[in-house]
Amino acid sequence: MQRKSVFVPVLCLLSLLVINSLSCAQTLRPPAYPLITHDPYFSVWSTTDKLTDSPTKHWTGKAQSLEGIVRVDGKSYQFLGAAPPAYRAILPTGESQSYNAQYTFDKPGNSWEKTDFNAKGWASGQGPFGDTPEAKTRWASSQTNKEGIYIRREFNYDGKSDPAKLLLSINHDDDVEVYLNGIKILTRSGYLSEYINLPLSQEGQKALRTGKNVLAVHCTSPRGGSFIDVGIVTPVSFSVMTPATQTAVTVTATQTEYTFMAGSVNLMLTFLSPLLLDELEVVARPVTYLTFTARSSDGKPHKVQVYVGVAGTLAANTVDQRMVANAGNTSGLHWLAMGTKQQPVLEKKGDNIRIDWGYAYLAVPQQAGTQLVPGSINELKNNFVSKGIVTAGKEASGPASDFGLAASISIGSVGTSPVQKHLMLAYDDLYSVQYFGKNLRAWWRRDEKMTMPVLLQTAEKDYSRLQQKSRVFDDKLYADAQKAGGKQYADLCALAYRQAISAHKVVAGPKGEVLFFSKENFSNGSIGTVDITYPSAPLFLLYNPTLLKGMMEPIFQYSESGKWTKPFAAHDVGTYPLANGQTYGEDMPVEECGNMLLLAGAITGVEGNADYAKQHWKTLTTWVEYLKKEGFDPTNQLCTDDFAGHIARNANLSVKAILGIAAYGQMAAKLGDKATAETYFKTARDMAVNWQRLAADHTEGRKAHFDLTFENAADTWSQKYNLVWDKLLGLNVFPKTLAQQEIAYYLTKQEPYGLPLDSRKTYTKSDWIMWTATLADSNTDFQAFIKPVWRFANETPSRVPLTDWHETTNAKQVGFQARSVVGGYFIKMLDGGLTPKK
């Protein structure tokens, strides 16, 4: 696959000329480029190699448009984002405006889809229809309504739009049939989780007539959950601005830096989200800096102005939500804020949604030549192009798709010496998480007197310091990772860093404690999931164990409150952002107990004491007793790889149980309880001996290895990634030769884009590959596992924030994206650093 290198000499040359230089070491082409990365809601990415080739997007893929224009001697060039596609509704969906339709849940008579059908007796209701928060009229799934729903909508078509350019806008859950004037124009099975636009079929184009038309829809939902909305739209064309020529892009742990040529001016744009884990107050601060550095490339002076526009979609879930804005000044800062008029605080939960409460902020230091105004984004942008400044728009509010905030900054007359300006983007969500009925504030807002304008003032004072510290940290992280696992490993760690942190939210708990809630992005939307915490943990063990405790604490508190009464750990504490108790449909008893015990043991190792484990010793004891009884030979249950389905006698899950028991013994020893330590270590070692007997593949002619499940006569295998804790924690429960035997076998099973998860499928989980690779004693073997993962990230055609679940044969995403589990990539950097001090 042909790719464009992101390492070019121009970048290195420019980096030498400006204060804000970044490392030139990274060569990976990311699947998506992190721009704003703070939490599951405040998260904006670019999904194309050129920043101007597509609109910037929330990690879910919905446009959250940031646009940047540089004006050089009166000529404008776009350098940030692209205008999101616009559509005019022929027949609107509920995503853009409300509508009424006729519907019935009973099977209608013949010809119900025809234009002349008499729908007398049908109900009238507002669309969309379904059982989601977006539905205006409730339609329960076909588990209780076997016939599904039948819908009729009349509309007029003026004949002016070209039928060949019309699009069918649709969102359906599950199976749907669509008719236009009695002609079937679409049949789709399965479900969607967002609106898509499909070309109007040839049958649809022929069926469309000038004047009155009838769109008829039948949708069934046999698999639970229901939603249906269908409309017809036509694209709106608009003039495309000349793009600046992008010359380079580099991604480091905390920054993404672009360089451009606009006329005779070199422009550098840097996004800095200073997620420095040794400063909790800074990590929890939802403020990203955009820095613009300009210099003349021809030795002549040039007049330069910069524009940045922020669409209302940054603070909305859907494009039709009404936005309002306000403005203020705080000690040298001029700021604007915008949010939905409705402000439904913590009223939504789920996966593919964006925040529509709280306020997005745009702040600029007060200085000559700076304007900051809200209004119609298109109007403000055109205003800048023609005048070089933005002036107050006519609209005080508007739909999220058009209304927004804009800043124009005069950089002045630019010569060969670099000139630098910056602004800040921030988000105040008012309340972040509901925790067992109590609405909790973000950590930075735990003092009710704290406000975003005050925080912005603090962030502005910290700008230069954080620039410098972030550069130093980025270079050190890269160097440390390269030393641990090589250059390609360092590239992957630099890319994973911000994603792993920003899939969480730092929240102040009921007692003022740090809670660090994860969200299962494009998995199922769960909050505080234990088997998301488990693979994410290495990053936080390495840089700030307090945040790992903040991930584990809700599960401990859930059990210790009496709200969770089972003798094993819960899977989650709810669906983001409502943490009111487990919502996942099935328990993972061995999985979650093993995870919690191993992570408590890892914290003990990295901190050199068992103080945290001691706080929850009674609960840990309950869980280890469960593992002693049920963990060695697991029944038919799910593990963290639940997407692969149920499996009994799972050898890798058994390893987790055995090592969880050993970790408990190790923690007991740290607490001075020698007798308990010896008892649990003996139990674990006895199990490990038996494990080798039951899991070994003794089939003659096969290379020695251990099977997917116990006593399996078939030719099976699996990554025994859980075994890594035997090495990292120095438990020494299994023979050291066992891991190397497995490593040698895995190297014979590699595909072009990685080692499959196990023998059932060719897909894989890249986080588990990192864990498996860390078992290798040889650095050559470690890098042999890393190289295909690097190649996957560099060549995948799935342009989304890094997925951890991909196909090893073609590098395509299978599922999941933007998840925190890529924090597991850092596990190699823990090798040798977790063995408890003697």
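**Close-up views of a predicted model**

Glutamine 783 is partly exposed, with a relative accessible area of 35% (buried is under 20%, exposed over 50%, partly exposed in between, with a 1.4 Å probe and protein chains only). This is a predicted model, in which local features need pLDDT of at least 70 and side-chain atom pairs count only at pLDDT 80 or more, while totals for chains, interfaces and linings use all residues. Residues are numbered from 1 along each chain as its sequence is written, and side-chain values use heavy atoms, with hydrogens and water left out.

**View 1. Glutamine 783 and its contacts far along the chain.** Glutamine 783 sits in helix 18 (residues 779-795). Helices (H or I, at least four residues) and strands (E, at least two) are DSSP runs, numbered from the N terminus. Not counting residues up to four places away in sequence, glutamine 783 touches Gly485 and Gly486; contact means heavy atoms within 4.5 Å. Its C-alpha atom is 9.4 Å from that of lysine 487, a residue 296 places away along the chain.

**View 2. Helix 7 against helix 8.** Helix 7 (residues 487-502) and helix 8 (residues 530-543) pack at about 100 degrees, and their axes are 10 Å apart. Axes are lines fitted to C-alpha atoms, for helices over the stretch in contact, and angles run from 0 to 180 degrees between N-to-C directions. The two helices are therefore roughly perpendicular. Angles under 35 degrees count as roughly parallel, over 145 as roughly antiparallel, 65 to 115 as roughly perpendicular and the rest as oblique. Tyr497, Ala500 and Ile501 of helix 7 meet Leu539, Phe540 and Tyr543 of helix 8. By class, this contact has 6 nonpolar, no polar and no charged residues. Ala, Val, Leu, Ile, Met, Phe, Trp, Tyr, Cys and Pro count as nonpolar, Asp, Glu, Lys and Arg as charged, and the others, Gly among them, as polar.

**View 3. Helix 8 against helix 9.** The axes of helix 8 and helix 9 (residues 545-560) come within 7 Å and cross at roughly 160 degrees. Helix 8 and helix 9 are therefore roughly antiparallel. Helix 8 brings residues including Val530, Thr533 and Phe540, and helix 9 brings residues including Pro545, Leu548 and Ile555. By class, the contact has 11 nonpolar, 2 polar and no charged residues.

**View 4. Helix 17, a mostly covered helix.** Helix 17 spans residues 766-774, and 9 of its 9 residues are buried. Among them are Trp768, Met770 and Trp771.

**View 5. Cysteine 639, too far from cysteine 593 for a bond.** The sulfur of cysteine 639 lies 14 Å from the closest cysteine sulfur, in cysteine 593. Cysteine 639 is buried, at 8% relative accessible area. The structure holds 0 disulfides (a disulfide is a pair of cysteine sulfur atoms within 2.5 Å).

**View 6. Two cis peptide bonds, before proline 128 and proline 577.** The bond from glycine 127 to proline 128 is cis, with omega near 5 degrees. Proline 128 is in the loop between strand 8 (123-127) and strand 9 (129-130). The bond from tyrosine 576 to proline 577 is cis, with omega near 5 degrees. Proline 577 lies in the loop between helix 9 and strand 34 (578-579).

**View 7. Serine 331, with a positive phi.** Most residues other than glycine have a negative phi. Serine 331 is not a glycine, yet its phi is about 40 degrees. Serine 331 is in the loop between strand 23 (322-330) and strand 24 (333-340). At 60% relative accessibility, serine 331 counts as exposed.
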